[in-house]
Each structure stands twice: as C-alpha cells, then as structure tokens.
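Here's a quick tour of a small set of structural features, written for someone who'd rather look at the model than at a summary. Have the structure open while you read.

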Amino acid sequence: MKANVKRKNYYLDERKIRRAKNILGAKTETEAVDAALDLVVFRKEILNSLEKIAGKGGVEKIF
C-alpha cells in the first residue's frame with residue numbers, strides 16, 4: 001500500500017464505481033477510485049503543460 005494512504009468514507013454512486021472499475025480494469029473499488037484520481041491529476045498536468053507552450057510555435061489553437 002502507498003505511504004500517504006488515509007482511510008476515508010464517502011457516499012458514491014455505485015453505478016459510477018462499477019463503470020469506473022470496468023473501464024479502468026480495476027480489481028477493487030479502491031483501486032478504481034485511486035486510478036480515476038490519478039487520471040484527473042494527469043489531465044491537469046497535461047493542460048498546464050499545453051498552456052505553457054501555447055503561443056511558442058508548433059501548437060496551433062483551433063478552438
């Protein structure tokens with residue numbers, strides 16, 4: 001188990017948990033939630049990186 005793990009109790013939609021488990025190939029609900037949180041953090045890091053390089057050439061804004 002990871003070093004910064006803390007037990008938490010949340011009310012979560014079981015259908016979303018099942019879907020996330022299936023999509024992510026997670027064995028447990030905890031694994032699914034952890035993987036989903038990793039994806040959120042990764043998405044933010046990607047967006048921040050893209051914002052830093054925007055306007056420096058090589059990346060064209062289309063929206």
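Is E14 buried or exposed? With a relative accessible area of 55%, E14 counts as exposed, because the cut-off for that label is over 50%. Keep in mind throughout that this is a predicted model.

**The overall picture**

The protein chain has two helices and zero strands. Of its 63 residues, just 5% count as buried. The accessible surface adds up to about 6500 Å², and carbon and sulfur atoms account for 56% of that.

**Helix 1 and its salt bridges**

Helix 1 covers residues 14-24. Of its 11 residues, the number buried is one, so helix 1 lies largely in the open.

Have a look at the N-terminal end of helix 1, which D13 caps: a side-chain oxygen of D13 sits 2.8 Å from the backbone nitrogen of R15. The D13 and R15 side chains also meet in a salt bridge. D13 itself is partly exposed at 30% relative accessible area, while R15 is exposed at 57%.

E14 has a partner too, namely R18, and the two form a salt bridge. Why are R18 and E14 separated by about one helical turn? Because they are four residues apart in helix 1. The salt bridge count for the model comes to two, and here they are side by side:

| Salt bridge | N to O distance |
|---|---|
| D13 and R15 | 3.5 Å |
| R18 and E14 | 3.9 Å |

At the other end, just after helix 1, G25 takes a positive phi of about 70 degrees.

**Helix 2**

Helix 2 runs over residues 29-53. It has 25 residues and reaches 37 Å from its first C-alpha to its last, close to the 36 Å expected at 1.5 Å a residue. What comes after helix 2, and what is its phi? Helix 2 is followed by G55, whose phi is positive, near 85 degrees.

**Where V33 makes its contacts**

V33 is part of helix 2. Which residues does V33 touch, leaving aside those up to four places away in sequence? The answer is L12 and I17. I17 falls within the residue 14-24 range of helix 1. V33 and K21 are also worth a glance: they are 12 residues apart in sequence, and their C-alpha atoms are 8.1 Å apart in space. For all that, V33 counts as partly exposed, at 32% relative accessibility.

**A nonpolar patch on the surface**

Now move along to I46, which is also found in helix 2. Its relative accessibility is 39%, so I46 counts as partly exposed. I46 belongs to a nonpolar patch on the surface, together with F42, L47, L50 and I53. Between them, these residues have about 420 Å² of accessible area.

**To recap**

Helix 1 lies largely in the open, and D13 both caps its N-terminal end and pairs with R15 in a salt bridge. Over in helix 2, V33 touches L12 and I17, and I46 takes part in the nonpolar surface patch.

Technical notes: Residues numbered from 1 in each chain as written. Predicted model: local features only at pLDDT ≥ 70, side-chain atom pairs only at ≥ 80, totals over all residues. Heavy atoms only, no water. Patch = residues over 30% accessible without salt bridge, like charges linked within 9 Å, V, L, I, M, F, W, Y side chains within 5 Å. Areas by Shrake-Rupley, 256 points an atom, 1.4 Å probe, with all protein chains shown as cover. Salt bridge = Lys/Arg side-chain N within 4 Å of Asp/Glu carboxyl O. Buried < 20%, exposed > 50% of the residue type's maximum accessible area, 1.4 Å probe, protein only. Expected span 1.5 Å × (residues − 1). Polar contact = N/O pair within 3.5 Å; in protein donor to acceptor, adjacent residues only side chain to side chain. Contact = heavy atoms within 4.5 Å.
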